[in-house]
Structures are given as structure tokens and as C-alpha cells.
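Me: Hi! I have a two-chain structure open and would like to talk it through. Could you walk me round it?

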Amino acid sequence: MRSVVTIVIAVDVIGALSDRTLGNGNFIMMDNSVWPSLAQGTANLCTLVQHGQLVHWRVVAVDLQTPVAIRNIRFYSVGAEVLPEKDNITEYSEMPIDDHEKAHLNFWSGVVPGWMIQGMDYRYGVTVQMAKGVNSLMRIDSPSLRCV
Amino acid sequence: MNQQLAILIMVDIDSAIADQTLDDHVYLFDNMRQKSSEFGTTPKLLTVIKGTHWIDGSQASEQIINWLPYGIGSISPTVQRVVGDLCELHPTHIPKNSEFRDRQNNYLIHGGLNKFECSNDEESIPESHNSSPVITNITGEAVDKQIMYPARYGSPDLVTGGWYWSAAIDSSKPGMYSYIMHILVPRLVGTNQALFSQPVLMQCEAWIHVSSSPKVNGFTGGAIGLLPVI
């Protein structure tokens with residue numbers, strides 16, 4: 001078993017800000033899991049992992065001169081209603097807008113805990129920050145992790 | 001957010017040539033407004049470089065700066081150019097910019113020719129005639145102290161003659177450092193029938209402010225832990 005699984009997120013920042021959505025192919029994900037993860041190259045990536053593996057998320061901007069950072073990754077309880085994609089998160093209470101300065105200081109890695117039930121999809125939402133301001137935060141809730 | 005920084009250097013060529021200096025005739029503009037670069041669009045550009053490091057002090061992200069000089073009043077750099085030789089000028093072809101090499105065959109300005117419509121007034125020089133200014137070197141305190149590592153790179157894009165300047169920044173030494181850009185500003189000499197670009201070397205000073213902050217885990221706020229899967 002490879003001890004680290006890397007999930008790379010590629011964002012077309014200008015596309016996302018122009019379309020006001022992370023859909024339409026502006027946000028795609030790929031991982032290097034040894035198991036056949038589902039929906040590689042889309043925003044619906046379901047990464048297959050194993051207990052004890054380290055999962056690491058990275059974000060890359062398609063245009064090198066556009067800013068993008070992962071502002072948050074938040075897991076939803078199994079069975080929770082998946083929230084609709086939010087493209088304006090001023091009302092997202094857990095995320096003060098002023099913390100945009102700190103987004104680039106975070107790295108997103110964590111170990112797959114033993115209590116994850118195998119075979120179940122654990123959805124998570126990724127919030128990306130693109131520059132700053134009221135239109136800079138967008139979240140997409142389609143990716144997930146599944147333990148094998 | 002890791003992005004490459006871009007600094008636009010807009011030169012008012014005619015005024016710079018007239019006053020023989022870039023002071024007050026150059027406008028610097030970078031894309032780091034959201035990280036509070038100061039004094040933007042003035043001659044005194046302070047570019048903010050926010051580096052990051054891991055717990056062991058090693059550099060975590062690479063900060064790259066790209067410089068792009070523009071001449072205000074120059075023909076748009078996106079106009080197609082054909083490389084030509086100064087000696088083969090046909091009298092009716094007015095050089096838009098010219099290839100200049102010194103005795104050691106070092107590159108000074110790379111350019112080409114375009115047929116150009118000229119007014120009948122012998123004294124007037126067409127407004128859009130100048131070549132673009134070109135950066136030939138970047139020196140100064142930041143380079144001497146090994147904070148900034150600039151180099152000239154080849155580009156298939158003929159903007160600025162197929163070369164551009166780019167630098168990597170060592171963000172492990174926080175502080176404010178100055179650097180100097182050496183810019184060739186083209187001066188038009190000659191008559192309407194035979195106009196040539198003569199490069200004039202000028203300098204422009206700017207600053208970088210380097211800081212470095214530690215990377216922390218986004219889930220835990222510290223080191224690596226379990227994923228918050230519920």
C-alpha cells in the first residue's frame with residue numbers, strides 16, 4: 001500500500017470567476033491512488049483509500065499568474081444532504097472573509113481514520129479562494145473518499 | 001496563493017528620451033494588489049513577496065517574478081513582425097524597429113521592419129513609431145545579496161523581441177531589498193525616409209519586500225492528524 005495518496009485539484013480561475021461556478025470544467029480533480037478511483041478528471045472524484053493512509057490535497061491554477069488556494073475542506077456526515085454549490089460565501093459563518101491572507105499558509109493533509117466504514121462514500125466540500133473580495137470564495141461538494 | 005507575479009513596466013518613451021531619464025516617466029504595475037503591493041502605478045514599486053516555509057525552515061513555495069516592459073505610444077507588441085536586416089532596407093520601407101548588435105555581436109535590440117505610411121510633412125515623425133523598451137539586465141541589492149535570482153529567458157512570443165526576464169526569490173531572508181532594471185529605451189533618429197531606432201540605456205529602481213510565514217495543517221492548525229471525517 002502506498003502510504004500517501006495525493007489529490008490534485010486543477011482550477012481555471014478566470015473561467016470560474018467569469019462563469020461564477022466551479023462547474024463547466026473549471027474545477028477538476030485527479031488522484032494517484034493505487035486503487036481505481038472513480039470519476040478521475042472531474043469534480044466528482046471518489047478517491048479510494050485505506051485506513052491509515054495519508055491523504056494530501058494540492059491545488060494548481062491552470063493559468064500560472066492567477067491566484068488560487070484551498071480555503072477549506074470540510075467533510076459531511078454520511079447521509080447528510082449535500083448542500084448546493086455556493087459561489088458567494090459571505091454568509092458562510094465558519095469562514096471569516098478576512099482570513100484570505102492566511103489561505104496560502106495552509107497545507108491540507110490528514111490520515112484516514114480507522115472508523116471510516118469501508119465501501120461508503122464520505123463526501124467533502126472544497127472551498128477555493130481566488131484572490132480576495134466578496135466573489136473570491138467558491139465551494140464544490142461533489143468529491144468524496146471511499147475506504148476499501 | 002501561489003501565483004507567478006507579473007510586473008508591467010510602462011515607459012513614456014518620448015518623455016524619457018527628452019529628459020534622458022526614466023524618473024517620472026515610468027509606471028510600474030504589479031498583480032499583487034491583494035497582497036498589498038504598495039506604490040503601484042508610480043515609479044516606486046514595492047512588490048510584496050509572501051514566502052512560506054515548513055517547520056524545519058526549508059522554503060515551502062517558490063515565488064517567481066516576471067517583468068514585461070511596454071512603451072506607451074509604441075506600436076502594439078502583438079503586431080506581427082518579420083525579422084529583417086538593417087542593411088537590406090528598401091528606401092520606402094521605414095524601419096519600425098531595428099536590429100542592433102555591438103562589435104562583439106551582442107544582442108541589443110531585436111526587431112524587424114514594416115512598411116509604414118508616413119505623412120508628407122517632412123518635419124513630423126509618425127506617432128506610433130517606437131519600438132518597445134527592452135530590459136537588458138537586473139542588478140542591485142537584491143541580486144547581490146542573493147535574494148533575487150534573475151535571468152533572461154527565451155520566448156517564442158515576439159513581445160519584447162523574444163526574450164523576457166524572470167526571477168526566483170529566496171524567501172528565507174525577510175526584509176526590504178532594492179533592485180535596478182537596466183532598460184534600453186529606443187530613440188528615433190533620422191528623417192522620414194530613413195528612421196532608425198537608437199537604443200539609450202536607462203535605469204529604473206524598484207523594491208521587493210520579502211516575508212516568510214510557516215505552513216500549518218489546514219485541518220488541525222498544527223501538525224498532521226486524522227482527517228475530520230464524521
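Reply: Happy to! One term to begin with: contact means heavy atoms within 4.5 Å. This is a predicted model, where local features need pLDDT of at least 70 and side-chain atom pairs count only at pLDDT 80 or more, while totals for chains, interfaces and linings use all residues. Residues are numbered from 1 along each chain as its sequence is written, chains are lettered from A and ligands numbered from 1 in the order in which they are written, and side-chain values use heavy atoms, with hydrogens and water left out.

Me: Great. In chain B, what share of the contacts with a separation of 6 or more comes from residues 24 or more positions apart?

Reply: That share is 63%.

Me: And how many helices and strands does chain B have?

Reply: Chain B has two helices and 12 strands. Helices (H or I, at least four residues) and strands (E, at least two) are DSSP runs, numbered from the N terminus. Starting at that end, the order in chain B is β-α-β-β-β-β-β-β-α-β-β-β-β-β.

Me: How much of chain B is buried?

Reply: Of its 230 residues, 42% count as buried. Buried means under 20% relative accessible area, exposed over 50%, and partly exposed in between (1.4 Å probe, protein chains only).

Me: Now the interface. How many residues does each chain bring to the contact?

Reply: Chain A brings 34 residues and chain B brings 28. Together the two chains bury about 2,700 Å², with 64% of that on carbon and sulfur atoms. Buried area here is the accessible area (1.4 Å probe) that two parts lose on being put together, summed over both.

Me: Which parts of chain B touch chain A?

Reply: β3 (46–53), β11 (194–214) and β12 of chain B each supply at least two residues of that side. The residues on that side of chain B divide into 12 nonpolar, 12 polar and four charged. In that split, Ala, Val, Leu, Ile, Met, Phe, Trp, Tyr, Cys and Pro count as nonpolar, Asp, Glu, Lys and Arg as charged, and the others, Gly among them, as polar.

Me: How many salt bridges are there across the interface?

Reply: Zero between chain B and chain A by the rule, which asks for a side-chain nitrogen of Lys or Arg within 4 Å of a carboxyl oxygen of Asp or Glu.

Me: Which sheet has strands from both chains?

Reply: An open sheet of five strands, in the order β2(A)-β1(A)-β4(A)-β6(A)-β12(B), with mixed pairing. Its edge strands are β2 (27–31) of chain A and β12 (216–217) of chain B, each pairing on one side only. Two strands pair if DSSP finds at least two bridges between them.

Me: Is the pairing of β6 of chain A with β12(B) parallel or antiparallel?

Reply: Parallel, over two bridges, with β6 covering residues 106–111. Asn106(A) has Val216(B) as its bridge partner, and Phe107(A) has Asn217(B).

Me: Changing topic: what is notable about the phi of Ala39(A)?

Reply: Ala39(A) has a positive phi of about 60° although it is not a glycine. Most residues other than glycine have a negative phi. Ala39(A) is in the loop between β2 and β3 (46–49) of chain A and is partly exposed, at 35% relative accessible area.

Me: Last one: where is Pro174(B), and what does it touch?

Reply: Pro174(B) lies in the loop between β9 (163–169) and β10 (175–191) of chain B. Leaving aside neighbours within four places in sequence, Pro174(B) is in contact with Val210(B) and Ser211(B). Pro174(B) is exposed, with a relative accessible area of 52%.
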